[in-house]
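Thanks for coming. I will take one structure today and go through its salt bridges, its sheet and its cysteines.

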Amino acid sequence: MSSKLSAFFGQLVVACLCAVGAVVLRELTDLILPAGAGPFALTFPFVLFATLFARWTAGVITMLLSALFAWFFVLPVNNSFTFEVASDAPRVLVNVLSGFLIVALAEYYRRVVRQAISTRDALAEERKLLLQEIDHRVKNKFAMVSGLVRIEARGAKSHDARQALERLQGRVESISKVHEALFRDEDGDSRVDMQVYLSSLCNSLRDGVVTQDGVQVVTDLRPVNLSRDKAIAVGLVVNELFTNAVKHAFEGREKGEIRVLLETEPAGLVVTVADDGVGMPTGDTRKGSLGQGLLQSFAESAEGELEYPEVAQGTCVRLRLPYR
């Protein structure tokens, strides 16, 4: 069976069902109201439904079948196509033409809606392709910048310069991971899934920064969404604290653990970066340095506050921020 014949058969079935529905409703109405009240009025809703559901062919067939039924069985003379009153003929013609007009309007509406849906889908597909192209180009730019910084770090003559460039590369990676988390969402939501983002960032830092085989990275992250700008700031805080732990916590040690936690509490969110290393040096070294100044700046960008709780071993830093 060809597709056109199959489609016509489906339209015919819908038309017959709608015509039967109109007849049944007609009979039920005659039980309540005087027989023959509104012989054609109850046909129009079924004509409209048939047209919208199965195109204009179904609507026309429904109208013809229903009109013939009303003409033959409802209008006087009953069981006959003759009219008891000659003036009924023009009224029947007007009702039938009104039904065909409903078919035409319903078909026009159906086509307009389908065209609008097709246009919307086409625009959505075009938008998706454009976003993918932008995503690809931005990823290439991040990779290029990260590669250039890596090359400069390898060629740096001083240890301090090399460490500074490695930190810069980590910050680029942090922002790059936010971009990846944003473009995973095809709906274009500007909020970042922090569980996915921080997990990806920690994996990247583990592969790119941790050089000791015995240092393990453990994450425990709750599923939370944050705005793009706040997510970038949180990522930069985690990047700084993570690289600080790698740089200072495990000197002279073969094993260690860096923990990154994202927890929720009634007052907001808590991001924790902790290690079981040698701990902070004696004395207050948290203020005045460039690294601590950057940390404070990043925390303020996230609208949060840094805490340095005392722990039995190693170092622990918490970032508390409101969740909104």
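Is Asp 88 buried or exposed? Asp 88 is buried, at a relative accessible area of 11%. Please keep in mind throughout that this is a predicted model.

Asp 88 has a partner. Arg 91 makes a salt bridge with Asp 88, and the closest N and O atoms are 2.2 Å apart. Both residues belong to helix H3, residues 88–155, and because they are three residues apart there, about one helical turn separates them. On the arginine side the exposure is higher than the buried cut-off: Arg 91 has a relative accessible area of 46% and is partly exposed.

Further along helix H3 there is another pair of this kind. Arg 111 and Glu 107 are four residues apart, about one turn of the helix. They form a salt bridge, with the closest N and O atoms at 2.8 Å. Glu 107 is buried, at 7% relative accessibility, whereas Arg 111 is partly exposed at 45%.

What about a salt bridge with two partly exposed partners? Take Arg 259 and Glu 257, whose side chains meet at 3.3 Å, N to O. Arg 259 has a relative accessible area of 27%, which makes it partly exposed, and Glu 257 is also partly exposed, at 26%. Back at Glu 107, salt bridges with shared partners link Glu 107, Arg 110 and Arg 111 into one network. The structure holds 10 salt bridges.

Now the sheet. In what order do the five strands run? The order is S2-S4-S5-S7-S6, in an open sheet with mixed pairing. Strand S2, residues 215–221, and strand S6, residues 305–307, are the edge strands, each pairing on one side only. From one strand to the next, the twist averages 15 degrees.

Helix H5, residues 194–208, packs on this sheet and touches S2 and strand S4, residues 256–265. The direction of helix H5 makes about 175 degrees with that of S2. Helix H6, residues 228–248, lies across S2, S4, S5, S6 and S7. Relative to S5, helix H6 runs at about 15 degrees.

Within the sheet, I would look at S5 and S7. Strand S5, residues 268–275, and strand S7, residues 315–321, run antiparallel and are joined by seven bridges. Ala 274 stands opposite Cys 316 in S7. That cysteine, Cys 316, is buried at 8% relative accessibility.

Which residues does Thr 272 contact, leaving aside its neighbours within four places in sequence? Thr 272 is found in strand S5, and its contacts are Arg 259, Val 260, Leu 261, Glu 263, Cys 316, Val 317 and Arg 318. So Arg 259, from the salt bridge with Glu 257, and Cys 316 both turn up in that list. Thr 272 is buried, with a relative accessibility of 4%, because the cut-off for buried is under 20%.

Last, the cysteines. How many disulfides are there? The count comes to zero. Cys 16 is in no disulfide, and the nearest cysteine sulfur, that of Cys 18, lies 9.5 Å away. A disulfide would need the two sulfur atoms within 2.5 Å, so this pair does not qualify. Cys 16 is partly exposed, with a relative accessible area of 34%.

That is what I have; we can go back to any of these on the screen.

How values were computed. Residues numbered from 1 in each chain as written. Predicted model: local features only at pLDDT ≥ 70, side-chain atom pairs only at ≥ 80, totals over all residues. Heavy atoms only, no water. Pairing = 2+ DSSP bridges. Helix = DSSP H or I, 4+ residues; strand = E, 2+ residues; numbered from the N terminus. Axes fitted to C-alpha atoms, helices over the stretch in contact; angles between N-to-C directions. Contact = heavy atoms within 4.5 Å. Salt bridge = Lys/Arg side-chain N within 4 Å of Asp/Glu carboxyl O. Buried < 20%, exposed > 50% of the residue type's maximum accessible area, 1.4 Å probe, protein only.
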